[in-house]
Amino acid sequence: MEFGLLQQQWDTQRVLRGTDDNVGDVMVVGGGISGIQASLDLSTAGYKVYLVEKSPTVGGKMSQLDKTFPTNDCSMCIESPKFIETDRQPNIELMTYTDVDSVEGVPGDFTVTLLKKPRYVIEDSCTGCTVCVEYCPVKIPDPFNQNLSMNKAVHIYFSQAVPLVTYIDENCLFLKDKTCGICQTVCEKDAIDFGQKAEKVKVKVGAIILSPGYETFDPLPRNDYGYGQYANVVTSMDFERLLCSTGPHEGQILRPSDKKHPHKIAWIHCVGSRQVNPAGGNSYCSAVCCSYTQKQVILAKDHLPDMQAKIFHNDIRSYGKDFERFYQRAQKLPDVHFIRSYVSVGSEDPVTGDVSIRYTTPDGVVEEFFELVVLSVGLAPTKDAQRFSKVFGIELNQHGFCKVEPFNPLQTSRPGIFTSGAFQGPMDIPEAVMGASGACAQASHLLKSRRGQLSEERVFPEEKDTSQEEAKVGVFVCRCGANIGRVVDVPGIAEYAKTLPGVVHVEESLFACATNTAKAISDTIRDKGLNRVVVAACTPRTHEPLFRDTLREAGVNQYFFDMANIREHCTWVHSKEQEAATEKAKDIVRMSVARAGKLEPLEEFLLPVDKTLLVVGGGVAGMTSAYTLAEQGFETYLVEKASDLGGVANRMHYTLEGMDVQTFVKDLKKKVYRHPGIHVITDAAVTHVDGYVGNFSTTVKSKGRVRTIKHGAAIIAVGAVEYKPTEYLYGQNDKVMTLLEMEGKLAKRDEKLMAAESVVMIQCVGCRNEDRNYCARVCCSGAMKNALKMKELKPEAEIYVLFRDMRTYGFREDYYLKAARQDVKFIRYEPEDEPQLAALEEGGRNFIRVTAADPILGKKLELDVDAIILAAAVIPTPGSTELARMFKVPLGPDGFFQEAHAKLRPVDFAAEGVFLCGTAQYPKHLSETITQAYGAAGRALTLLSRDTVVASGAVCSVKGMDCVSCGACISVCTYGAIDFQDTPRGKKAVVNSVLCKGDGLCVSKCPTSAIMLSHYTDDEVFNQIDAALEMV
Amino acid sequence: MAAPSDFKPIIVGFLCNWCCYGGADLCGVSRFQYPPYLRVIRLMCSGRVDLEFIFRAFAKKSDGVFIGGCHLGDCHYNPEGNYDALGNSMVAKRILENIGVNPDRLRLEWVSAGEGIRFAEIMNEFGAKIKSLGPFGSSEGRDVADLQSGLEAATQLVPYFKLVERERFRVPRRTEAGYEEFFAKPDFEPLFKALIIDKLAMGRIMGELRANGDATAGDIAQKLRLDAGEVARHLHQLSQQGMVKLNGGQAQIAVAA
C-alpha cells in the first residue's frame, strides 16, 4: 500500500478519533504464549494492556504444536483456555492482524503507531459460524497446517482462535478481480466488508513488552538435507502438524509423496544450529530440539507401533527438569536407535520416494533408506527482528536476537521496553512464560504509581433473591447459524422444551452468543422473571462464562445456569442422522432442564488479601523477588537460614559471558538490607505455616526469637547446594576440587592452581546416574567458564574435559566452541567406562594419573595432571522436604520443588498463593534464576495487587449431623481442605471452602452422604440420570 | 441374542470436565461421527462418579454406562480422582456381574482433551458393543425387574462398601500397574467375596423374601441365580443375626427385620 494513501487514512482517523482515545499502561507486542501470559498478569495486576498480534489470532507457535515435552500434554488444550481468558479480561485491548509502525517517547510516555491490516470481516459482527468458509470456492494452502493441507480463502485461522472470527486471505477472488462475493451473500450477519482499508491507530502507553517469538529455521534456501527437493524430507514443525489430530490428516502420519504411513523414519538433529561455519545457519544451540525430537519419536511410535526410527545427533542435551527421564523413555522404545553421527543425505529413490542417509558407524560409513526424514530445525530470530530493532530503537545481539542486560535478561537496551520469550534467544515454553511474568513485574515497577488507575472491573446489578420462588426455567435454543439448525429440528426442540416441567419461556436464536443476543437474553430473563436458564447451544467449556455473566447482568445468581451442549455433542457428530440427532437433542435439553430445577444459588467467596509478602531464601532469587515487590510498596519479609544474604552466588565470581558476579551480588545485598520495606531475618528457619491464599500465617524462628508473620503470598526461593563428591579422590587429595572451588581459587589466583600445568575436568559427577537421574544443567557451561578463565590466566595450561554429552545449550554453545578453539581438549567417556584416578609420585613430582578411554583413538589414554576439577551435581537444599510439607506444596522425584505445571505454570504451585523461583525448582544459571525471580514476583503481584480473591462457589460442605467421623474424605483430599473439628456432637469433618477445589472425590468416598459438592450434588446428577432415561 | 435392528441404545456417560469432555468437544469440532447413543453428564472429575450413579443408571434401564476421565497421571486435580474412577469401575464390574448385569455394559476410558478422534473411536466401538448386547436385560437373559432388585441391593450396599474400601481395599500404589496388581492379587477375590459379594447376596435374599414372601433356599437360589449351598449358608448367618427365621425348609423374614 502506498504511503500517501496510508497517511491520508491516518489523517482521517485522527480527526475521527482524536489522539487521546487510546491510552493504556503497557503494550505487549506478540500474542504467543509469552505475550498472552504477560498481558494476563499485567491486566490482573491492575494495568490496562494493549496486546498487539500480527496474525489473525493469538496463540503463536505453541498453538501449532501437537504435544509438549516432557509431559506430552496436548499443546492446544493447555493453551487455548488462556485465549478465552485474554478475550474476556476487560483490561486487555486485543488487536490482532496488527503491526507496529513506529514508536516515540520515553519510559512512562510512549506513543505507538499501529497499522491494523484489513481482514475484510467486521470483527464485532462475525460470530465465527463458518458458513462463509463452507461456501468459499477458493482453496489455499493452510498456513496453520504448514501448507500441508488446504483451507479456504476466507477462514478462521484455527478452530480455537481468538477472536473467533474469519479473515480473508489475499487469494480471495473478490480482492483479486471483484468476482465472486459468495461469502457476502451467505453471511447472515452481514459481517463481510470488502471496503475495509488498512488503518493507523495511535496508542499511548507507559511501557512496552516485546514478545514476538521466533521463527523455526528454514532449511529451504540451502536445501538442507534435500528439503524442498525430496518430498519426504519434512521439518519438525511439519511433522508436528502431521502428528496433530487437527492437522492435515486428522492425526494420521502420512508422508507427503504418497500419503502412506511411513514405517521407517529418521530424525536429523541440529538442522541450522551448532554450525561451526554458519553461513546460512546458526552457531548457537537451539535448546529445544533434542527434547522435542524425543517427543516426536515417542508420539510417532504411539501412532505407528511398528515404526523403526533412527535419530542422528551430536550430544543429547537433556538439560531440563525431567528431560533425562524423557530421553530414557524414548531410548527404550523398541526399534528406536539414537546414533551419534554427522549425516548427509544421499538420494531419493525415484520409485518409492524413500530418501537415503549416510552416517558413520564404528564399522565405517553406512547408507540407509528411510521412508520419511524429519529435520529437527532450530530456532531463528523472528523475521521482524531487524525491523523491530529500528522501530523500537533497541539493539540486537550478534545472533540477531534481542540484546538484553547481563543481569536482567528481560531488559532491552532501551529503558521502558522489556522483552519476554524467545525474542531474547532460543528457549522452551516455561522460560517464555516465567519471562512474561517477570516482564510484568518490571513494567509494573516502572509504572507503579499508575497501577489500578485505568483498569476497570465489571459491575453487575444486585442479585435478586429467588430462593422462595418456584423454578421458572427459560430455555434458549441456539441455531448457531447452520451448525445446529441444519441438522436438528430447532423449532421442534423448542416446542418440546415448552412441555417440560418448570419451563415458562422458550425462545430460538440464531446466535445465542452474539453480543446483542446475550443482551436480549438478559432482558428476557428480567422481563419474564426467569430464575433458571438453560441455553441449548455449544460447549460450556468455552461459553459458560459468557452466559453466566448474562445471568449476572439480569440480576440472577450465575449458578442458576446450565448449558445443553447440542452442537459439539450432537449436531456436529451426528450430522447424517438428523432424526436421531433431534431426539438426542431433546433428551439433552430435558436433562439440562431437570438439572436446572435442582440448581442452587451459590456465593463466590471474596477473601481479603493481606498485602504482605514472605520470601523464603535470601539468595539472588529471593532477594530479586523481594526487592521487586518491596519497591512497589508491598511489605516484604525475607527469611534466610544463613547469617548473610547471597546464597550460592556468594561463591561465584564471574559469569560465562565474563560479568563480575560479586559486584552485582554486593550491590543487590546492599539494596535489600537498606530497603525500608524489606525485613531481613537471617539465621532463620520456618517452623510452621498456617492459612491459605491471601491469608497465611507463618512462624519463623531466628536467634532464639520466634515470630509469626501474617502474609498474603509466599515465594519459595531456598536454592540448591553443590553435591559433595565421594568419587574421584575428592576429600582425599587436595588436587581434587569441585567447579565452585576452582572458581574461588581462580578468583583469588590461588598459587597452587596457577602452578598447575595440566588440568582434567570431569563432568557429570554425582548426577545422570542411578542415585540422581537428572542432568544438573549448569555444569557443562560452568566447566567452559572456568576452563576459559584458566586459559585467560594461564594460556599455556593443558586442559582436558572428560564429558558425556556437552550440554552448552543456547548461546552458551559459543563458549564451547571458543574453548575448543583455545585448545581445550574434549574427551568423551561412557558411564560404563568412567575415568580412573590414581595419586602418584614419580621423580619428586606429585600428580594424578587419569586413565580414560578415548573413543576417537579407540584406546586408553593416560593423563598425568596437577589438578582435577569435578563438575559436582546441583542437589536440593537440605530441609526442602519439611518446608514443602509446611506449605503443602509437592517435591518432584529428584527432590526439587514441583511447580503447578511444567509448561504453563512454571513459578506457581497447585496450592494458590505460593510461588517458586530459582534453583529450588531445578538447577539453573544465574541469568535464568533472575528471570524466574522476576517471574515469581510478577505472579505474586497479580495476587497482592488485589484487595480480595474470588473462590468458586462450587465447593464441598458437610452436613454435620450425618458425619460419622470416619475420615474417608480427609484422607482423599490432598489439598488438605477437610479437617476434623470438635463440635458438641463430637468430632465432625469440616470443609475449608477456600482450599476446596471442587473435584468432589470426597463425596464419592463418604459412606453416609454427609459431604456434598455444590453444583454437582447427588440430586442434580440423579435428576440428569433419570431424565436421560425417562423415555426408556 | 441378536438385537433388533431398530434398537437405539441409550448410554449414560459421565465425563470429566477437563479431559474427556474436552475430547468429546474436540471430536465435535473435528466433525468425527459416532452413533447418537450417548447422554452426557458433565462432572468435574471422574473420581466424582459414585457407584450409586452407575447402579442408578442401570436401574433406570440404561443400556450402557460410560465413564471418561483424564489419562492416569494427567488428572486436573491433585488427589488424582481418575485412579478412584479406575478402582470404582473394577468394583462396579464385579458387582454387576454378580447380580447378573453384563459387566461389558460399563466402560471406563481415558480420553485427553486433545483426543477427539479417540473419543469417536471409543463411541463407535462401545456403541457397537452395546448394540450387539441388545437392550438392558436381553443379553443377560434376565427379567429386568430381577436385575433392578439386584441393583437396588447393590445401591444399598454402597455406604457399607465405602467403609470397607477404606479399611481393606485401599490400593497402596497409585499407578496403573499398582491397580492391576492389586485387583489381580490371589487374596483379593476371596476377600472381596467375603466382604462384599456375600453381603450383597444376603441383601438380595432379604429383598427377595420381603418382596415375595417365604421361600426355600432352593427357590431363592433359583430366582437369584445363586448357588443353593451358598444361599443356605447366607440364610443360616441371617438367622443368627435374627434377620430371618428358618421354619422347616422355609425361610421367612423375621418380624424385626
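## A walk through a predicted two-chain model

Chain B comes in two parts, domain 1 (7-185) and domain 2 (207-257). Measuring between C-alpha centres is a handy way to place them: domain 1 of chain B and domain 2 of chain B have centres 33 Å apart. Keep in mind as you look around that this is a predicted model.

**Where the chains meet**

How many residues does each chain bring to the contact? Chain A gives 54 residues, and chain B gives 48 residues. On the chain A side, several helices supply at least two residues each, namely H3 (75-88), H14 (540-553), H15 (567-571), H16 (578-598), H25 (968-972) and H26 (1018-1028). Sort the side of chain A that touches chain B by class and you get 28 nonpolar, 14 polar and twelve charged residues.

**Two open sheets**

Let's start with chain A. Five strands line up there in the order S5-S2-S1-S13-S24, making an open sheet with parallel pairing. Its edges are strand S5 (92-95) and strand S24 (417-419) of chain A, each of which pairs on one side only. Going from one strand to the next, the twist averages 20 degrees. You can zoom in on one pair of this chain: strand S1 (residues 26-29) of chain A runs parallel to strand S2 (residues 49-52) of chain A, and four bridges join them. Pick out Val29(A), and its bridge partner in S2(A) is Val52(A).

Now hop over to chain B. Here an open sheet is built from four strands, ordered S2-S1-S3-S4, and the pairing is parallel. Strand S2 (38-43) and strand S4 (106-110) of chain B sit at the edges, pairing on one side only. From one strand to the next, the twist averages 20 degrees. Strand S3 (residues 64-69) of chain B and S4(B) run parallel and are joined by five bridges. Look across from Ile67(B) and you find Leu108(B) in S4(B). A helix packs on this sheet as well: H2 (residues 51-59) of chain B touches strand S1 (11-16), S3 and S4 of chain B. The direction of H2 of chain B makes about 150 degrees with that of S3(B).

**A pair of packed helices**

Two packed helices are described by the angle between their axes and the distance between the axes. For helix H12 (residues 490-498) of chain A and H16(A), that angle is about 35 degrees and the axes are 10 Å apart. Is the crossing of H12(A) and H16(A) left-handed or right-handed? The crossing is right-handed. From H12(A), the contact uses Gly492(A), Ile493(A), Tyr496(A) and Ala497(A), while H16(A) brings Thr582(A), Ala585(A), Lys586(A) and Val589(A). By class, the residues of this contact between H12(A) and H16(A) are five nonpolar, two polar and one charged. H16 also appeared earlier, among the chain A helices on the side that touches chain B.

**Backbone oddities in chain A**

Most residues other than glycine have a negative phi, and most peptide bonds are trans. Here are some spots in chain A that go the other way.

| Spot | Feature | Value |
|---|---|---|
| Phe69(A) and Pro70(A) | cis peptide bond | omega about -5 degrees |
| Val162(A) and Pro163(A) | cis peptide bond | omega about 0 degrees |
| Tyr120(A) | positive phi, not a glycine | phi about 60 degrees |
| Asn147(A) | positive phi, not a glycine | phi near 60 degrees |

Where do you find these residues? Pro70(A) is in the loop between strand S3 (67-68) and strand S4 (73-74) of chain A. Pro163(A) lies in the loop between strand S10 (154-155) and strand S11 (167-168) of chain A. Tyr120(A) belongs to the loop between strand S7 (109-116) and helix H4 (131-135) of chain A, and Asn147(A) to the loop between strand S8 (139-141) and strand S9 (150-152) of chain A.

Tyr120(A) counts as buried because it has 22 C-beta neighbours inside 10 Å. Asn147(A) has 14 C-beta neighbours inside 10 Å, so it counts as partly exposed.

**One more loop residue**

Ser965(A) lies in the loop between strand S49 (956-958) and H25 of chain A. Why does Ser965(A) count as partly exposed? Because Ser965(A) has 13 C-beta neighbours inside 10 Å. Ser965(A) and Lys987(A) are 22 residues apart along the chain, and their C-alpha atoms are separated by 6.3 Å. Setting aside neighbours within four places in sequence, Ser965(A) is in contact with Phe980(A), Gly986(A), Lys987(A), Lys988(A) and Ala989(A).

Terms used: Residues are numbered from 1 along each chain as its sequence is written. Chains are lettered from A and ligands numbered from 1 in the order in which they are written. This is a predicted model: local features need pLDDT of at least 70, side-chain atom pairs count only at pLDDT 80 or more; totals for chains, interfaces and linings use all residues. Two residues are in contact if their C-beta atoms, placed from the backbone, lie within 7 Å. Ala, Val, Leu, Ile, Met, Phe, Trp, Tyr, Cys and Pro count as nonpolar, Asp, Glu, Lys and Arg as charged, and the others, Gly among them, as polar. Domain bounds come from an automatic or database domain assignment. Two strands pair if DSSP finds at least two bridges between them. Axes are lines fitted to C-alpha atoms, for helices over the stretch in contact, and angles run from 0 to 180 degrees between N-to-C directions. A crossing is left-handed if the near helix is turned anticlockwise from the far one by less than a right angle, and right-handed if clockwise. A residue is buried if 20 or more other C-beta atoms lie within 10 Å of its own, exposed if 12 or fewer, and partly exposed in between; C-beta atoms are placed from the backbone.
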